[in-house]
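Thanks, everyone, for making the time. I would like to walk through one structure this morning, going slowly from place to place, and you can follow along on the screen.

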Amino acid sequence: MPQDLYSVRMRASKAGRHLSGAERIIVPDKIDDVLRAFVARAMERADGPDEVFVKVERLKDGPPRELTALDVVTVNVRDVREGRSAAAVILQKSGVSRSAAETAVRSLAGGPGPSGEIMRGAIIMDAQNGERLEQDRSRGVRVSRFDWSESASVEIDRLLVTAGLTHFRTKEALALATKVAHAPGVVAELCWSDEPDYTAGYAASLKTGYVRFPRLKDPGDTNGGRVFFVDRAVLDLDALMRYLQKEAVLVTATGKCGDAVEPGMNFLHPVGKIEKP
Ligand code: COA
Ligand code: AMP
């Protein structure tokens with residue numbers, strides 16, 4: 001009989017400010033090790049958390065949905081201006097209008113929260129007119145309950161190391177972006193981190209794969225965030241929120257990790273039939 005699976009989630013904060021978070025989907029035998037690793041990861045931060053929360057929750061809604069990871073490519077942009085404009089092009093190839101792509105870039109650059117602060121989750125944006133659809137503009141939507149399967153985790157580590165992408169964030173963001181790209185009604189995603197020393201970000205979709213840009217902001221910039229672009233014609237917002245927040249997803253197969261390309265090079269390939277949940 002297959003073993004039960006558990007969602008294990010960690011978040012660390014200081015003076016009420018979120019510092020870091022991580023999650024896994026694992027069999028019971030692994031819970032001890034993962035808890036230890038999560039607490040160590042939280043405590044390693046230079047800005048020392050004053051609270052670390054860990055949740056362990058049995059997945060009760062049947063086996064996770066299994067997905068294949070998006071293909072990964074890096075576009076060697078030289079600066080932020082080139083990075084943001086190349087990301088907007090990728091979003092347009094995914095079905096986002098130029099004005100919505102530009103609105104999204106402006107929102108993240110200026111701080112997407114109501115007073116220009118960062119959000120606790122992602123913006124949901126109409127892919128055509130750039131209207132914001134998330135109910136709470138401070139929180140947005142937070143994707144949860146996703147992980148790599150054991151075999152896909154080993155394989156993606158190998159592929160990412162070969163491609164020179166050794167930062168743990170790339171692997172985690174790729175799993176998150178894979179779940180998001182398969183979400184009902186989602187057309188594309190744009191992300192760059194709010195961490196001041198992490199300047200890379202990505203635009204992702206089923207059509208383009210995960211397209212990474214080393215520079216979407218300048219070092220020291222504390223703004224960042226995520227935008228999920230949706231097709232209003234087919235959107236069921238409740239179903240989308242439920243899928244992103246609650247439905248468990250395991251990425252069980254890797255895509256391709258290509259060599260880095262120069263801006264302007266055409267690296268996109270025709271995509272076969274892809275099923276949405
Ligand atoms: N930013 C700011 N606050 C956050 C936060 C974030 N990213 N994540 C959690 N919090 C705080 C909020 O105050 C939140 O309350 P809210 O729902 O009103 O916003 C509170 O913690 C509880 O959050 P919740 O999501 O219920 O906690 P959780 O223990 O179930 O899961 C995480 C926490 C961080 C593991 C999960 O939200 C997450 O982000 N998972 C993805 C982690 C990951 O792999 N990220 C990769 C990005 S590269
Ligand atoms: P990070 O990549 O962790 O630096 O996060 C960048 C931004 O993405 C944050 O400022 C949040 O706005 C948003 N974010 C963080 N975690 C999630 C999540 N689990 N789902 C959706 N958006 C998130």
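**Buried positions, two ligands and a few rings**

Let me begin with Leu-67, which has a relative accessible area of 5% and is therefore buried. Before I go further, please keep in mind that what you are looking at is a predicted model. Leu-67 belongs to strand β4, which covers residues 65–68. If you follow the chain from Leu-67 to Leu-174 you travel 107 residues in sequence, and the C-alpha atoms of the two residues are 12 Å apart in space.

A second pair of positions can be described in the same manner, and here I start from Thr-178, a residue of helix α5. Is Thr-178 buried or exposed? Its relative accessibility is 0%, so Thr-178 counts as buried. Between Thr-178 and Leu-70 there are 5.7 Å from C-alpha to C-alpha, although the two residues are 108 apart along the chain.

Helix α5 brings me to the ligands, and I will take ligand 1 to begin with. Its surroundings consist of 16 residues, and the closest of these are Arg-9, Glu-23, Arg-120, Arg-139 and Arg-142. How does this shell divide by class? There are nine charged residues in it, together with five nonpolar and two polar ones. As for where they come from, at least two residues each are supplied by β1, residues 6–14, by β2, residues 17–26, and by α5, and β2 has the largest share, with four residues.

Looking at individual atoms, an oxygen atom of ligand 1 lies 2.9 Å from a polar side-chain atom of Arg-142, while for the side chain of Arg-11 the distance from an N or O atom to an oxygen atom of the ligand is 3.1 Å. The side chain of Lys-55 also takes part, with an N or O atom 3.4 Å from an oxygen atom of ligand 1. Taken alone, this ligand exposes 900 Å², of which the protein buries 74%.

While we are at Arg-11, please notice that its charged end also sits over the ring of Phe-53, at 4.2 Å from the ring centre. An arrangement of this kind is found again at Arg-169, whose charged end sits over the ring of Tyr-198, 5.1 Å from its centre.

Now to ligand 2. Which residues come nearest to it? Of the 13 residues around this ligand, they are Gly-121, Val-143, Ser-193, Asp-194 and Arg-226. By class, the shell around ligand 2 holds six nonpolar, four charged and three polar residues.

The polar contacts that I would like to show you for ligand 2 involve the backbone. A nitrogen atom of the ligand is 2.8 Å from a polar backbone atom of Val-143, an oxygen atom is 2.8 Å from a polar backbone atom of Gly-121, and for Met-119 a polar backbone atom lies 3.1 Å from an oxygen atom of the ligand. On its own, ligand 2 has 480 Å² of accessible area, and the protein covers 81% of it. Two elements give two or more residues to this shell, namely α5, residues 168–181, and β11, residues 225–230. Helix α5 was also named among the elements that supply at least two residues to the shell around ligand 1.

Let me turn to the aromatic rings. A pair of such rings is described by the distance of the centres and the angle of the planes. The count for this model comes to one aromatic pair, formed by Tyr-202 and Tyr-210, with 4.4 Å from centre to centre and 25° between the planes, which is a stacked arrangement. Both Tyr-202 and Tyr-210 are buried.

I would like to finish with the backbone, at two residues that have a positive phi without being glycines. One of them is Ala-15, with a phi of about 50°, and its place is in the loop between β1 and β2. The other is Arg-145, where phi is near 65°; this residue is found in the loop between β6, residues 123–126, and β7, residues 146–148. Which of the two is buried and which is exposed? Ala-15 has a relative accessible area of 72% and is therefore exposed, whereas Arg-145, at 9% relative accessibility, counts as buried.

Key. Residues numbered from 1 in each chain as written. Chains lettered and ligands numbered in written order. Predicted model: local features only at pLDDT ≥ 70, side-chain atom pairs only at ≥ 80, totals over all residues. Heavy atoms only, no water. Near = heavy atom within 4 Å. Polar contact = N/O pair within 3.5 Å; in protein donor to acceptor, adjacent residues only side chain to side chain. Areas by Shrake-Rupley, 256 points an atom, 1.4 Å probe, with all protein chains shown as cover. Nonpolar A, V, L, I, M, F, W, Y, C, P; charged D, E, K, R; others polar. Phe/Tyr/Trp six-rings, centres within 6.5 Å; stacked < 30°, edge-to-face > 60°. Buried < 20%, exposed > 50% of the residue type's maximum accessible area, 1.4 Å probe, protein only. Lys NZ or Arg CZ within 6 Å of the ring centre and 35° of its normal.
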